[in-house]
Structure formats: C-alpha cells, structure tokens
Amino acid sequence: MRTITFGALTLAMVAAAAILANAAPAEAEAARQGAACDPARFKVAVDVGHTVENQGATSARGVKEYVFNLRLATQMEQALKEAGFAQTHFFVMHGTTRAQLFKRAERANALGVDVFVSIHHNDVQEQYKSKWEHEGETRSYSDQFSGHSLFVSRENPRFSDSLAFGRLLGLELKSRGLIYTRHHTEDTKVPAVLVEAGIIVNRDDELVLESPERQAVITAALLAAVERYCAIKHAKPPRPARPKK
Ligand SMILES: [Zn+2]
C-alpha cells in the first residue's frame, strides 16, 4: 500500500517506467573499469513495510500486507547475508502512528546505509474493487491491475543514487520476466527505493506472490541489483599503477 511510507507529505515519486528510461553513465563507467563489488563493505537496509499493529493492505483472501512484506524481506535479508553482505540491517518497526516512519529514516541515516529498500505489497483504489466470497467471508478484490512497481522520492537528497538503484532493480525484475504495473522516501538521506512486490488484492497475483518460486525470483532480482549497485558505488580501489621507470 503506497499511502503509508516514510511520513511523506508531498510525494513526488518517480515510477519504474521513468527509472528504466534513464541512462546509466555510472554503471557504464564501472563496467569499463572492471569494478567489483566488495560486499563486506556495503551496507544494506531491508525494511519491512508497515507494522504488526498497522498491517497495511488486505489481500483478496484476507491476508494482511505485513505478512507478505515480512516473509519476502526475511528471504531477502538471508540471501544478502549468504552472498557476503554481512552489513545487512533488517528493519522491523512497531506502532500505529507516523513516528515509526520517521524512525526508519532516522535509523537508516544513522547507520549510513548505502541503500535502503522498503518492501511492500500493493492495494488498488476502492473504485476498482469488487466483492467475492472466500471461505465464507465477503472480501474485496480487484483483478484489474497486476505486477510490481518501484518508487523513489525526488525529495531524497540522494535522488540520483536512488534512481540508479531503482533502475537496476527494475531491470533485474524485468530480465526475470516480471511485469511492471502502471497504475515515497524523502526523510531518508541515504539512497532509498520502495518496492511494491505485487498487487495482493488481485486474486491470481496473490497466489503467485504466496509461492516460494516467485519470492525466490524477486529475491534474486534484489540481490543482483544490490551487487551491481555495490560494484558501482563500493568498487574495490584499483591497484595503483606502477610508476614507469
Ligand atoms: Zn504498503
């Protein structure tokens, strides 16, 4: 659900379409220099969207967004650590007020993470919803929209880095056959991207997002994007050239 993110008051988000359209001079430069990622030096924050007290959107079958966010973010944290990103920080906040949103930003800033990734699953506006019966309960759903989306904030002082990471992640998701859907993070001072992994009010998408296969694909895309971004931002310093005699 996009409305609850980082206490953003005036959101000026750039969607993945715009992210993907941007050129990548830094990446090209890193590739030319044969830069390698040093994961031990790279700090990542994986943020579980929403809180146990305020669980965000409700899926077509009545499962809360927080459940999806926590499960996917946990897998991402594990994958990053297994890949050598020892400085992966897992954010789980509590509370029902906006204070918890600012706390995430504060913590990310204090840690000085290289990239902050907030994990969410999407809802749609009420006007697109219909009712159905599932296991004896009347639930809201909308099968009209499908796919993931990515957001960065123009208010973030590291907007261009956020955009660079968001673009890499968008490409990694796309290269794994995942669809971007057409259908928030200014308090953080570190590069930040908000991931809407999919639309849980879509009845088919909900089942796909519940599958370990899809979770693994999204996790792999995130890991690949982090590795590529790390190679750009934290490349091992090149060996100094020997002075010519
Ligand atoms: Zn959300």
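## Exercises on a predicted model

In helix H5, the buried residues are Asp161, Ser162, Leu163, Ala164, Phe165, Gly166, Arg167, Leu168, Leu169, Gly170, Glu172 and Leu173. Keep them in view as you work through this predicted model.

**Exercise 1.** Work out how many of the 17 residues of H5 are buried, and whether the helix is mostly covered or not.

*Solution.* Start with the residues named above, which include Phe165 and Leu173. The count comes to 12 of 17, so H5 is mostly covered, where a residue is buried if 20 or more other C-beta atoms lie within 10 Å of its own. Next, look just past the end of the helix: Gly177 has a positive phi of about 85° there.

**Exercise 2.** Why does the span of H5 (residues 159-175) agree with its number of residues?

*Solution.* First, take the 17 residues at 1.5 Å a residue, which should give 24 Å. Then compare the end C-alpha atoms: they are 24 Å apart, so the two values agree. Now try helix H7 (residues 212-233): its 22 residues reach 31 Å from first C-alpha to last, close to the expected 32 Å.

**Exercise 3.** Find which strands pair with S8, and in which sense.

*Solution.* Begin with strand S4 (residues 115-122), which runs parallel to S8 and is joined to it by 6 bridges. Within this pairing, His120 has Glu196 as its bridge partner. Move on to strand S7 (residues 149-153), which pairs with S8 in the antiparallel sense over 3 bridges. Here Phe151 is partnered with Leu194. Finally, check how covered S8 (residues 192-199) is: 8 of its 8 residues are buried.

Terms used. Residues numbered from 1 in each chain as written. Predicted model: local features only at pLDDT ≥ 70, side-chain atom pairs only at ≥ 80, totals over all residues. Helix = DSSP H or I, 4+ residues; strand = E, 2+ residues; numbered from the N terminus. Pairing = 2+ DSSP bridges. Expected span 1.5 Å × (residues − 1).
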